[in-house]
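Q: Please go through this structure with me, term by term, and say what each label rests on.

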Amino acid sequence: MIVASGVELRAGSRVLIEDATFRVAPGDRVGLVGRNGAGKTTLTKVLAGEGQPAAGSVTTSGDVGYLPQDSKAGDPTVTARERILSVRGLDTIVKERTLAEKRMAAADDAIRERAMRAYARIDDEFTAAGGYAAEAEANSIAAALNIEAHRLDQPLGTLSGGQRRRVELARILFSGSETLMLDEPTNHLDADSIAWLRDHLKNYRGGLIIISHDVDLLDVVVNRVFHLDANRAELDIYNVGWQPYLKQRETDERRRKRELANAQKKASALLEQADKMRAKATKAVAAQQMIRRAERLLSGVEGERAHDKVAKLRFPEPAPCGKTPLRATGLSRSYGSQEIFTDVDLAIDRGSRVVVLGLNGAGKTTLLKMLAGVDDPDTGQVEPGHGLKIGYYAQEHENLDGDRTVLQNMKSAAPDLGETEVRKVLGSFLFSGDDVDKLARVLSGGEKTRLSLATLVVSSANVLLLDEPTNNLDPASRAEILGALGTYKGAVVMVTHDEGAVDALEPERILLLPDGVEDLWGPDYKDLISLA
Ligand SMILES: Nc1ncnc2c1ncn2[C@@H]1O[C@H](COP(=O)(O)OP(=O)(O)OP(=O)(O)O)[C@@H](O)[C@H]1O
Ligand SMILES: [Mg+2]
């Protein structure tokens, strides 16, 4: 159980939450929602004990399993299996078992014999601790999250970002913690795994706090909703499920609007009157009083939630280029003995649109990195055509430099652009005032996505390589970005699990990985997107 009382949260000089009091008990399945940058991640970090509130207190009883939004947790040299099992303290014994297994194959009789005795002892211990049942459970969670069995024996450091996150999610779900906190758990998950997660969580008996922009998931899973309103720095608590929450919030918002309109009408009448009276010296004091009353009226109402602003986006006019700005031939990649894909050919014509499909781990991100020139293929080559200008949007935002500010990141993306121009673009991506001096590393998930896209906008790229560009975005920002993508004139190669993103792109072609087969886009492929 988590109990928060009078919690105040700040980020730099900004107050994110003024005074929040709530508890999350077993059986509570809370959806924590709010615009990008509202403070959802900050709140869960504090609840998980990874940060301190500016005021108030948080007390926790029982274990808390916490999945951060972008986690690179875990020693990169341990295997995925050890990482998952470690949450229940089973990793050491499994490691010993593996070692004994290896030694049992030794040539030396004495070593072999010792290893066999050790193995028997470890095996007894493991059985007694319920290790086999637990291991089977861990395996089935991993399988449900589409982590292939052989990957479990790979060290974390060799896994892709998406795979690593799935390992973390499996670990948290395996933990059996009394309270779970999941920050955007569906990022990097395919549709099958999302469906499984939905079923798994809807029956969860412990406490659950889930941050997600996936409304279908929230609809099925949650029975309470906490709405973090960034404009009022308030956490609104709704003790109902998703649909009733949406209705109730709409009513609340209409009421606020009405109250504000009334107050404004009265206040402006007062001010008008005061204005007339001010001219006469004898009535100056009364006029002052009226002005003060008007001010009080306005500050008394909560105010319409300043309509959540959304970036108005347009991708830039692409720089001129030849007929085929980018061509790749015979690309392949393997890790050790494992082939990811072989002999992939691809020609990107000016203004063409391609969606890359393939199951998790089929190498979609790797292929995009090769096309972007940030990763070298094992064989084959990427040939830039005449006038090629690539805009690469990386899944993990690795194109941003965390130790430089928002403004500095933009300037290095567009060294020729003047400061005023850069600030203007940043403003249209909702970075204004002090925001531009924030270090990129403190940005929220959605803010990082916005900044990455802003760096593309200033680059006048003619080939955009987009890796899951809608992850982390709140629904309004997502709609805006998809709208801009629809009107973009350059070529786009996109990797996504988001059907809406594919609809917006209206691709002509698809490329299927790992086979590297190309085909014309058709409705038949629609099902594959969510499977991919
Ligand atoms: N050290 C800091 N200095 C200034 N601002 C900060 C700092 N750390 C975080 N912030 C800001 O605090 C705000 C809240 O961030 P948080 O990550 O909690 O948002 P979020 O609601 O999880 O958003 P998202 O939906 O995008 O993940 C953001 O605007 C972020 O830029
Ligand atoms: Mg967040």
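Q: What makes Thr41 and Gln69 the protein donors of the magnesium ion (ligand 2)?
A: In this predicted model, Thr41 (OG1) and Gln69 (OE1) lie 1.9 to 2.3 Å from the magnesium ion. The cut-off for a donor is an N, O or S atom within 2.8 Å of the metal, so both oxygens count. Water is not among the atoms, so the site may look incomplete.

Q: Where in the chain do the residues of this pair lie?
A: Threonine 41 belongs to helix α1 (residues 40-47), and glutamine 69 to the loop between β5 (64-67) and α2 (80-86). They are 28 residues apart, and the pair links distant parts of the chain. Both threonine 41 and glutamine 69 are buried.

Q: Which residues are closest to ligand 1?
A: They are Lys40, Thr41, Thr42, Gly446 and Glu447, out of 21 residues that surround the ligand.

Q: What makes the approach of glutamate 447 to ligand 1 a polar contact?
A: A polar side-chain atom of glutamate 447 lies 2.6 Å from an oxygen atom of ligand 1. The limit is 3.5 Å between N or O atoms, so the pair qualifies. Two backbone contacts can be set against that limit as well: a backbone N or O atom of glycine 446 is 2.6 Å from an oxygen atom of ligand 1, and one of alanine 38 is 3.3 Å from an oxygen atom of the ligand.

Q: How much of the accessible area of ligand 1 does the protein cover?
A: On its own the ligand has 650 Å² of accessible area, and the protein covers 85% of this.

Q: Where does ligand 1 sit, and which elements give two or more residues to the shell around it?
A: Ligand 1 sits in the largest pocket. The elements are β2 (14-24), α1 and α14 (445-457).

Q: Why is aspartate 28 called buried?
A: Its relative accessibility is 17%. Buried means under 20%, so aspartate 28 falls on the buried side. Aspartate 28 is placed in the loop between β2 and β3 (29-33). A polar atom of its side chain lies 2.8 Å from the backbone nitrogen of alanine 25.

Q: Why is aspartate 498 called buried?
A: Aspartate 498 has a relative accessible area of 15%, which is under 20%, and therefore counts as buried. Aspartate 498 is found in the loop between β16 (491-495) and α16 (499-505).

Q: Why is aspartate 343 called exposed?
A: The cut-off for exposed is over 50%, and aspartate 343 has a relative accessible area of 54%, so the label holds. This residue lies in strand β11 (residues 338-348). Its phi is near 55°, a positive value in a residue other than glycine.

Q: Is glutamate 468 buried or exposed, and how do you know?
A: Glutamate 468 has a relative accessible area of 4%, under the 20% limit, so the residue is buried. Glutamate 468 lies in the loop between β15 (463-467) and α15 (475-487), and its phi is near 50°, a positive value in a residue other than glycine.

Q: Which residues does a cis peptide bond join?
A: The bond joins leucine 513 and proline 514, with omega about 5°. Proline 514 is in the loop between β17 (509-512) and β18 (517-520).

Q: What are the totals for the protein chain?
A: The chain has 17 helices and 18 strands. Of its 532 residues, 49% are buried.

How values were computed
Residues numbered from 1 in each chain as written. Chains lettered and ligands numbered in written order. Predicted model: local features only at pLDDT ≥ 70, side-chain atom pairs only at ≥ 80, totals over all residues. Heavy atoms only, no water. Donors = N, O, S within 2.8 Å, 3.2 Å for Na, K, Ca; no water. Helix = DSSP H or I, 4+ residues; strand = E, 2+ residues; numbered from the N terminus. Buried < 20%, exposed > 50% of the residue type's maximum accessible area, 1.4 Å probe, protein only. Near = heavy atom within 4 Å. Polar contact = N/O pair within 3.5 Å; in protein donor to acceptor, adjacent residues only side chain to side chain. Areas by Shrake-Rupley, 256 points an atom, 1.4 Å probe, with all protein chains shown as cover. 1 Å grid on protein atoms, 1.4 Å probe; cavity = no way out; pocket = protein on both sides within 12 Å on 5 of 7 lines; lining within 4 Å. Sits in = over half its atoms within 2 Å of the grid points.
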